[in-house]
Number of protein chains: 2
Amino acid sequence: MAIPKGVSLKEVADKAGVSTATVSRVINSKTVVKGETELRVQKVIKQLGYRPNRVAQRLRTTNGASKLIGLLIPDIQNPFYVDVIRGIEQYAYARNFAIVIGNFSQNEERQKFYIDILKSESVDAFIVAPFPGMNDYVKELVEEGYAVVCIDRGLSNMDLDVVKVDNYQGAFDAVEHLVKVGHRRIGFISGNMQIPTTLERVSGYEAALTKNGIAIDREIIVGRNSDHTSGVELTAQLLDLPHPPTAIFTSNNLLTLGALETIHSRGLKIPEEIAILGFDDMYWSTSLNPPLTAVRQSGFEIGRITIDLLYQRIMEPARPYVSIVLKTELMVRTSCGHKSGKMKSTI
Amino acid sequence: MAIPKGVSLKEVADKAGVSTATVSRVINSKTVVKGETELRVQKVIKQLGYRPNRVAQRLRTTNGASKLIGLLIPDIQNPFYVDVIRGIEQYAYARNFAIVIGNFSQNEERQKFYIDILKSESVDAFIVAPFPGMNDYVKELVEEGYAVVCIDRGLSNMDLDVVKVDNYQGAFDAVEHLVKVGHRRIGFISGNMQIPTTLERVSGYEAALTKNGIAIDREIIVGRNSDHTSGVELTAQLLDLPHPPTAIFTSNNLLTLGALETIHSRGLKIPEEIAILGFDDMYWSTSLNPPLTAVRQSGFEIGRITIDLLYQRIMEPARPYVSIVLKTELMVRTSCGHKSGKMKSTI
DNA sequence: CTGAAAGCGCTTACAG
DNA sequence: CTGAAAGCGCTTACAG
């Protein structure tokens with residue numbers, strides 16, 4: 001299995017009658033090269049179909065020129081993260097960055113494992129949705145000099161560039177909608193309570209209730225993991241209560257899908273017998289029956305902005321940290337009641 | 001942004017009082033090292049927390065030791081491929097391979113673009129679902145010495161390791177089921193007809209019809225792209241026919257979701273007014289209303305086997321090519337009629 | 001069983 | 001503006 005290394009810098013240099021240093025210079029175009037020389041080299045590069053070996057470049061450079069980004073995704077089965085990946089990918093490759101991906105399946109050990117591997121791949125940046133318990137580990141990354149941008153949530157132990165959504169407001173709007181449509185007993189399936197994002201959504205939920213004069217009943221706020229199974233089981237638990245909710249607000253995609261499974265398997269009618277509103281919209285929310293009313297956060301946009309931030313961080317390592325908070329959008333369809341249309345969330 | 005290169009081989013060698021060659025040997029454990037020496041080196045490695053720099057390793061070696069796999073995914077929004085990715089990832093990292101991913105969004109140019117980038121990343125293997133028109137490009141990869149395994153479909157111009165599913169039989173079983181449940185006018189939304197997988201599914205569809213004495217009506221076999229939008233639009237087209245089908249068989253996930261959108265938006269009852277059966281099962285097929293009857297192909301399993309094949313190919317480049325064809329499973333739920341349970345597809 | 005040395009394909013001071 | 005040379009962190013013949 002002899003994989004050809006392809007045309008090398010040296011071959012280009014020889015053919016163009018210059019030194020490798022010069023060829024390198026025209027490629028990286030940081031230093032000035034005489035127009036005539038440059039043209040000649042460019043021509044040879046084209047002729048030979050030369051493409052720099054990124055591995056060699058990476059080995060040689062120690063700054064942000066390695067052009068490799070490590071992407072740590074909590075759960076690739078969650079359509080929201082798929083959108084984030086798409087956004088990141090599109091804009092990363094456009095900037096000549098490649099992406100190494102690690103899907104850690106909401107598991108702390110695997111997140112560590114991947115970080116270590118990606119380090120030995122000499123990535124020069126990390127994009128990570130930090131898992132509870134990983135605060136110190138991620139902080140270390142920053143201290144070691146990696147560019148890192150957090151998505152979906154930040155770190156509890158330091159400031160950092162983070163791109164997220166206004167979870168509080170998103171949840172608030174959702175619950176207000178439910179109230180407006182007539183519900184007063186609204187269950188909440190919250191997801192993993194260790195994750196800041198979850199807590200923000202809980203706050204939004206509580207605030208909306210309080211504002212509308214509805215008492216908070218801890219019995220109908222249930223949380224375990226942010227996965228499909230939890231959605232299935234916690235919905236059953238809610239429904240089995242002596243005094244069950246008339247509406248359920250689910251804290252993410254996976255939970256929503258799980259909840260729907262339980263609801264349908266019991267033959268309950270949506271929204272007449274039970275209303276449902278989910279955090280996270282999906283491109284196929286309208287393929288559900290009835291179409292799902294959902295809090296939309298644009299993963300694609302988050303991905304785009306993340307690459308932007310990362311790029312700026314690499315270019316100017318000392319720039320102050322920023323936290324970008326995108327607004328959510330409530331997509332009103334028919335799983336909660338009868339109104340239809342969409343309302344922007346307002347802050 | 002000075003990213004620390006970490007502890008180097010040299011530092012380990014110095015501290016252990018041996019040459020770098022020896023340390024390298026104990027790491028790669030291909031050649032014999034004296035037990036005592038090995039122990040000493042191991043200890044220092046542990047002490048210093050040494051981890052080999054994979055980039056340097058990659059630059060140096062030219063065979064299958066680069067430990068990097070390029071993964072070319074047609075469409076990461078398709079849950080089937082998400083499962084494939086999960087399978088690949090899990091088993092790749094277990095074998096100490098890292099994955100660079102390129103999601104080319106069913107676009108030929110982007111597939112080429114990614115292949116080129118991944119080459120310059122010195123991957124030693126490619127996993128690819130070849131897009132129509134890419135036959136020669138992929139063949140070249142093989143000729144250049146890369147290990148490549150195809151998923152979902154092979155190449156038309158050469159044999160190769162391929163891991164796929166019995167599409168003919170899967171479609172056949174699906175259509176037979178529809179017939180058994182009472183349908184005789186079954187529409188087919190086929191997806192991209194340039195893709196061999198599509199053609200196999202069309203054959204299965206036609207064979208089942210013919211076997212059951214139903215004439216093939218080209219008017220209700222419609223195909224364009226294998227995406228959501230096509231599903232939405234072609235379903236409308238089918239439904240608008242003077243003599244519309246009573247059942248629709250969709251050729252993949254995305255098409256199914258698109259079809260559902262149209263069906264629900266028209267307020268049609270499933271399965272009474274229109275039955276639907278989809279190729280590709282999803283873990284949330286039971287969250288649909290009614291639960292979807294679907295042809296299940298295990299993406300996760302495909303991923304697992306792919307890594308296996310790749311590994312063997314790297315170890316023994318000259319071994320004969322194999323084509324692994326997995327069976328599908330018809331998951332009978334309630335979107336087609338009243339029977340319930342599941343039947344294995346049989347060949 | 002082990003070491004000295006070359007080299008993978010680049011980039012980057014250092015001279016000129 | 002350009003070249004000669006060192007070196008990134010490894011692995012691998014070649015000797016011994």
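## Two chains, two DNA strands

Across the interface of chain B and chain A, the rule finds 23 residue pairs in polar contact, both residues at pLDDT 80 or more. A polar contact here is a pair of N or O atoms within 3.5 Å; within protein, one must be able to donate a hydrogen and the other to accept it, and residues adjacent in sequence count only if both atoms are side-chain atoms. Keep in mind that this is a predicted model, where local features need pLDDT of at least 70, side-chain atom pairs count only at pLDDT 80 or more, and totals for chains, interfaces and linings use all residues. For bookkeeping, residues are numbered from 1 along each chain as its sequence is written, chains are lettered from A and ligands numbered from 1 in the order in which they are written, and side-chain values use heavy atoms, with hydrogens and water left out.

**Chain B against chain A**

- On the chain B side, the elements giving two or more residues to the contact are helix 4, helix 5 (79-94), strand 2 (98-103), helix 6 (108-120) and helix 11 (253-265). Helices (H or I, at least four residues) and strands (E, at least two) are DSSP runs, numbered from the N terminus.
- That side of chain B splits into 30 nonpolar, 16 polar and 14 charged residues. Ala, Val, Leu, Ile, Met, Phe, Trp, Tyr, Cys and Pro count as nonpolar, Asp, Glu, Lys and Arg as charged, and the others, Gly among them, as polar.
- Chain B puts 60 residues into the contact and chain A 58, contact meaning heavy atoms within 4.5 Å.
- About 5800 Å² is buried between chain B and chain A, with carbon and sulfur atoms giving 57% of it. Buried area is the accessible area (1.4 Å probe) that two parts lose on being put together, summed over both.
- The rule also turns up six salt bridges across this interface, each a side-chain nitrogen of Lys or Arg within 4 Å of a carboxyl oxygen of Asp or Glu.
- One of them pairs Arg58(B) with Glu121(A), with the closest N and O atoms 2.7 Å apart.

**DNA strand C**

- There are 27 residues around DNA strand C, the closest being Thr22(B), Arg25(B), Val32(B), Thr37(B) and Arg60(B); a residue is near a strand if one of its heavy atoms lies within 4 Å of it.
- Sugar or phosphate makes up 61% of the strand C atoms within 4 Å of the protein, and bases the rest.
- On the phosphate side, one oxygen sits 2.2 Å from an N or O atom in the side chain of Thr37(B), and a phosphate oxygen is 3.0 Å from a polar backbone atom of Ser19(B).
- For the bases, a polar side-chain atom of Arg60(A) is 2.5 Å from a base oxygen of strand C.
- Helix 2 of chain A is the top contributor to the surface near strand C, with five residues.

**DNA strand D**

- Strand D has 27 residues around it, and Thr22(A), Arg25(A), Val32(A), Thr37(A) and Arg60(A) come nearest.
- A phosphate oxygen of strand D lies 2.5 Å from an N or O atom in the side chain of Thr22(A), and one is 3.0 Å from a polar backbone atom of Ser19(A).
- Arg25(B) places a polar side-chain atom 3.1 Å from a base nitrogen of strand D.
- Helix 2 of chain B gives the most to the surface near strand D, with five residues.
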